[in-house]
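Hi everyone. Please take a look at the chain on the screen, and I will walk you through its inside.

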Amino acid sequence: MEDSSYPIDSSLQRLLAVKNVTHGDLLEIRELLRGGSVIDWSRLHFRSIPAVNEFLRVFMCDPDNVRDMERIQQIHRAATDYLATTLEISIPSVLAHPHRIQNLFLYASSPGKHRTKACTLLKVMFVLNHLEARQLLFNLPISERELFSRVEKRVKKTVMRMVELGFAVEEYVASQKTKESLVTKVLSKREGTAAQVFDRIRFRIIVSHKKQLLPVLFHLKRHLFPFPCVIPGESSNNIDPFQDLVREAFGLQVEGSEAMPASIRSNEFSHRDYKVIHFIADIPVRVQDIIEQSNLMMLSRFGNTVFVPTEFQVFDTASHFLNEAGPAAHSHYKGRQVREVISRLYAGTEDEGGEDQSD
């Protein structure tokens with residue numbers, strides 16, 4: 001498949017905010033579905049400064065805001081120092097001192113001698129940014145309710161925009177896990193801890209037909225969360241293989257290494273007939289407007305954006321109906337989960353006398 005733009009049929013052009021889907025877009029959606037990590041990527045797919053700026057804005061970084069760009073430059077210097085001092089990797093001057101920071105993305109997207117090191121530098125910048133955003137979140141007195149409210153407003157605005165564009169969104173539901181549900185989830189997973197429960201807030205989007213599934217993902221990654229923010233290992237696609245979804249949505253054939261199995265990850269309590277596109281993404285949220293004066297130093301040190309792990313479930317109406325009508329229904333899922341929790345809690349705790357001696 002060549003690195004070019006793919007014209008979408010006229011009906012989909014009316015649905016999407018852009019006129020074309022690029023080769024890079026398809027690879028980003030593929031990685032979203034398989035739960036791959038951007039740290040393993042060997043190149044990016046930006047073709048212009050405006051495309052990079054669009055990406056930065058979704059990251060909650062305004063290219064026209066001096067402080068936002070100074071923040072990126074700060075992370076860039078830290079990443080360059082890390083590579084030089086810790087890994088002993090030298091960075092060419094054109095990357096260590098770029099005329100503008102957006103050039104790094106173009107070097108990482110273009111064939112040539114600087115692509116590998118530009119990718120390397122951006123990967124370290126991505127990790128540093130996330131680590132410092134987490135430090136910011138831990139050090140600021142921001143309520144979970146406030147963060148969830150801001151995420152919900154962003155997601156709702158994005159979905160409403162999709163409806164305005166003509167996406168056939170049949171249902172949109174926002175929800176949060178209850179305390180009881182979180183306890184059950186942690187107890188049910190043998191490798192699970194409270195720190196691994198990412199999906200505290202969840203959004204369900206149901207569209208009328210399978211051909212709408214990839215356009216929805218395309219729009220979400222363009223306007224709500226940057227593609228590197230999909231949490232690795234937390235995605236599944238049990239509806240159709242990627243190549244079939246691409247053919248349904250765009251009329252394109254995807255073969256070879258760009259194809260993928262229908263599902264990489266599965267939930268042990270989900271029925272084999274359960275059909276869903278599921279993933280968890282870190283949603284960027286700016287917090288500078290709710291920071292007290294005494295905490296402003298934190299913004300200069302760690303930036304002004306935090307990330308909120310957010311679960312997405314995307315279905316077509318036929319798949320959702322089959323899920324709810326048979327053994328894949330949520331009530332059966334919860335039953336299997338609860339039975340596993342009870343089994344684990346009772347394991348190895350039989351009373352020696354055979355009777356419960358409590359009063």
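I will go from the overall picture to the core, the strands, a cavity and a few single residues.

First, the ground rules. This is a predicted model, where local features need pLDDT of at least 70, side-chain atom pairs count only at pLDDT 80 or more, and totals for chains, interfaces and linings use all residues. Residues are numbered from 1 along each chain as its sequence is written, and side-chain values use heavy atoms, with hydrogens and water left out.

Now the overview. The chain has 14 helices and seven strands. Both are DSSP runs, numbered from the N terminus: helices are H or I with at least four residues, strands are E with at least two. Of the 359 residues in the chain, 48% are buried. Buried means under 20% relative accessible area, exposed means over 50%, and partly exposed is in between, with a 1.4 Å probe and protein chains only. Next, contacts, meaning heavy atoms within 4.5 Å. Take those between residues at least 6 apart in sequence: 79% join residues at least 24 apart.

On to the core. In soluble globular proteins, nonpolar side chains tend to be buried together. By nonpolar core I mean a set of buried Ala, Val, Leu, Ile, Met, Phe, Trp, Tyr and Cys residues joined through side-chain atoms within 4.5 Å. Which residues touch the most other members of the largest one? They are Leu214, Phe225, Phe279 and Phe312, out of 51 residues. Elements giving two or more residues to this core include helix 2 (23–34), helix 10 (213–223), strand 6 (277–286) and strand 7 (305–316). Helix 8 gives the most, with seven residues.

Look at Phe225. Not counting residues up to four places away in sequence, Phe225 touches ten residues you can find on screen, among them Leu32, Val58, Phe279, Ile283 and Phe312. Apart from this core lies another one, of 32 residues, including Met69, Ile75, Phe105 and Phe126.Helix 10 is next. Ten of its eleven residues are buried, so helix 10 is largely enclosed by the rest of the structure. Among those buried are Leu214, Phe218, His219, Lys221 and Arg222.

Now the strands. Strand 7 is largely enclosed too, because eleven of its twelve residues are buried. Who are its partners? Strands pair if DSSP finds at least two bridges between them. Strand 6 and strand 7 run antiparallel, joined by ten bridges. One pair to find there is Ile283 with Val308 in strand 7. Strand 4 pairs with strand 7 in the parallel sense, over seven bridges. Ile201 stands opposite Thr310 in strand 7, and Val207 stands opposite Asp316. Strand 4 is mostly covered, with five of its seven residues buried.

Two residues tie into this region. Val159 sits in helix 8. Is Val159 buried or exposed? Its relative accessibility is 0%, so Val159 counts as buried. Beyond four places in sequence, Val159 touches Val169, Tyr172 and Ile205. Val159 and His223 are 64 residues apart in sequence, and 10.0 Å apart in space, C-alpha to C-alpha.

Ser175 lies in strand 3 (residues 169–176). Its relative accessible area is 26%, so Ser175 is partly exposed. Leaving aside neighbours within four places in sequence, Ser175 is in contact with Arg200, Ile201 and Arg202.

Time for empty space. Rolling a probe the size of a water molecule over the atoms shows where empty space is left. A cavity here is a set of points, on a 1 Å grid over the protein atoms alone, where a 1.4 Å probe fits but cannot get out; lining residues have an atom within 4 Å of a point. Points are joined across faces, edges and corners, and a volume is the space filled by probe spheres set on them. How many cavities of 30 Å³ or more does the structure hold? The structure holds one. The largest cavity has about 80 Å³ of space. Its lining includes Glu28, Leu32, Trp41, Phe227 and Val230.

Last stop: backbone angles. Most residues other than glycine have a negative phi. Met60 has a positive phi, near 65 degrees. Met60 is in the loop between helix 3 (49–58) and helix 4 (66–85). Glu88 has a positive phi of about 55 degrees, although Glu88 is not a glycine. Glu88 is in the loop between helix 4 and helix 5 (93–96). At 71% relative accessibility, Glu88 counts as exposed.

Key: On a 1 Å grid over the protein atoms alone, a cavity is a set of points where a 1.4 Å probe fits but cannot get out, and a pocket is an open set with protein on both sides within 12 Å along at least five of seven lines; lining residues have an atom within 4 Å of a point.
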